[in-house]
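Please walk through this model with the sequence at hand. The route goes from strand pairing to surface, and then to charges.

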Amino acid sequence: MNNLSFPQIQISQQYGKIGIDADLGRQEIQQPRATQELITTPSVMEIDSNPGHLFIDNSKWHDALGHGPFLEVMNRIYSQSRSIALQGIAKIVEDGNRLAAIHTGENVVAALAKESTEDIDFSEYMYMGDASVDNIDIRYEAGELTIQFQPARVEHNVTINRPQIDYHRGKLDIYMLQYPKVEIIPPQIDMKT
């Protein structure tokens, strides 16, 4: 028996390949900080003061030293002048009575001459005011103090800023990496046999 070989057809197939190039999308979120505004009004203090007054009246003290008001000094002298005049008249009468009393044996003329050379005593003749520890009057009027206070104020304003969101789309490329194909190779036929 003869071996007969039958011609064979060769078929090869290539599958298609799809290429995919994909990048993920990207999202950016930024949150700006809140804006704060502080407005401060400082405190105010107003102080209004009227100064106090100290009154010192030392006119009685000056008067006691003989430097008082002129009209008062003249009034005192005038009010005492009658008494002094009467005392002078009484002294003259007394001296006359001494001169008339010859029988006493006193040398009256010599005694009167000696007494006339002595200083005149003005101790009873007072034209000054009274000396006293209360001759200086002190009076004090207190001043007024007004205080007005206005406390400080703080205003706090907050502005919330919205988030900023940016989205960048990713890439998606689909392409044929390898096309499908079928290849058929016919057998070689030997026409001689």
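Ser49 stands opposite Leu145 in strand 8. The model is predicted. The two strands involved here are strand 5 and strand 8, residues 145-150, and they pair in the antiparallel sense over six bridges. Strand 5 spans residues 44-49 and is hardly covered. Among its six residues, the count of buried ones is zero.

Next comes the nonpolar surface. Leu54, Ile56, Trp61, Leu65, Ile136, Ile138 and Tyr140 make a nonpolar patch of about 760 Å². Two elements give two or more residues to this patch: strand 6 (53-57) and strand 7. Ile56 is found in strand 6. Its relative accessible area is 54%, and the cut-off for exposed is over 50%, so Ile56 counts as exposed.

What sits over the ring of Phe55? The charged end of Arg139 does, 4.3 Å from the ring centre. Aromatic pairs are another matter: the structure holds zero of them.

Now turn to the charges. Side chains of opposite charge can pair when their charged atoms come close. How many salt bridges does the structure hold? There are six.

Take Asp21 and Lys171. They form a salt bridge, with the closest N and O atoms 3.1 Å apart. Asp21 lies in strand 2 (residues 17-22), whereas Lys171 lies in the loop between strand 10 (164-168) and strand 11 (172-178). The pair therefore ties together parts that are 150 residues apart in sequence. Asp21 is partly exposed, at 30% relative accessibility. Lys171 is partly exposed too, with a relative accessible area of 35%. Asp23 also belongs to this picture: Asp21, Asp23 and Lys171 are linked in a network of salt bridges.

Gly25 lies in the loop between strand 2 and strand 3 (26-30). Buried, exposed or partly exposed: which is Gly25? At 38% relative accessibility, Gly25 counts as partly exposed. Along the chain, Gly25 and Leu172 are 147 residues apart. In space, their C-alpha atoms are separated by 10.0 Å.

A further salt bridge joins Asp137 and Lys60, where the closest N and O atoms are 3.8 Å apart. Asp137 lies in strand 7 (residues 137-141) and Lys60 in helix 1 (residues 59-64). Parts that are 77 residues apart in sequence are therefore tied together by this pair. Asp137 counts as partly exposed, at 34% relative accessibility. Lys60 is partly exposed as well, with a relative accessible area of 44%.

The salt bridge of Asp95 and Lys91 is set within one helix. Their side chains meet at 3.3 Å, N to O. Both residues lie in helix 2 (residues 70-100). They are four residues apart, about one turn of the helix. Why does Asp95 count as buried? Its relative accessibility is 17%, and buried means under 20%. Lys91 is partly exposed, with a relative accessible area of 38%.

To recap the charges, the salt bridge of Asp21 and Lys171 ties strand 2 to the loop between strand 10 and strand 11. The salt bridge of Asp137 and Lys60 ties strand 7 to helix 1. Asp95 and Lys91 both lie in helix 2.

Key. Residues numbered from 1 in each chain as written. Predicted model: local features only at pLDDT ≥ 70, side-chain atom pairs only at ≥ 80, totals over all residues. Heavy atoms only, no water. Salt bridge = Lys/Arg side-chain N within 4 Å of Asp/Glu carboxyl O. Buried < 20%, exposed > 50% of the residue type's maximum accessible area, 1.4 Å probe, protein only. Pairing = 2+ DSSP bridges. Patch = residues over 30% accessible without salt bridge, like charges linked within 9 Å, V, L, I, M, F, W, Y side chains within 5 Å. Areas by Shrake-Rupley, 256 points an atom, 1.4 Å probe, with all protein chains shown as cover. Phe/Tyr/Trp six-rings, centres within 6.5 Å; stacked < 30°, edge-to-face > 60°. Lys NZ or Arg CZ within 6 Å of the ring centre and 35° of its normal.
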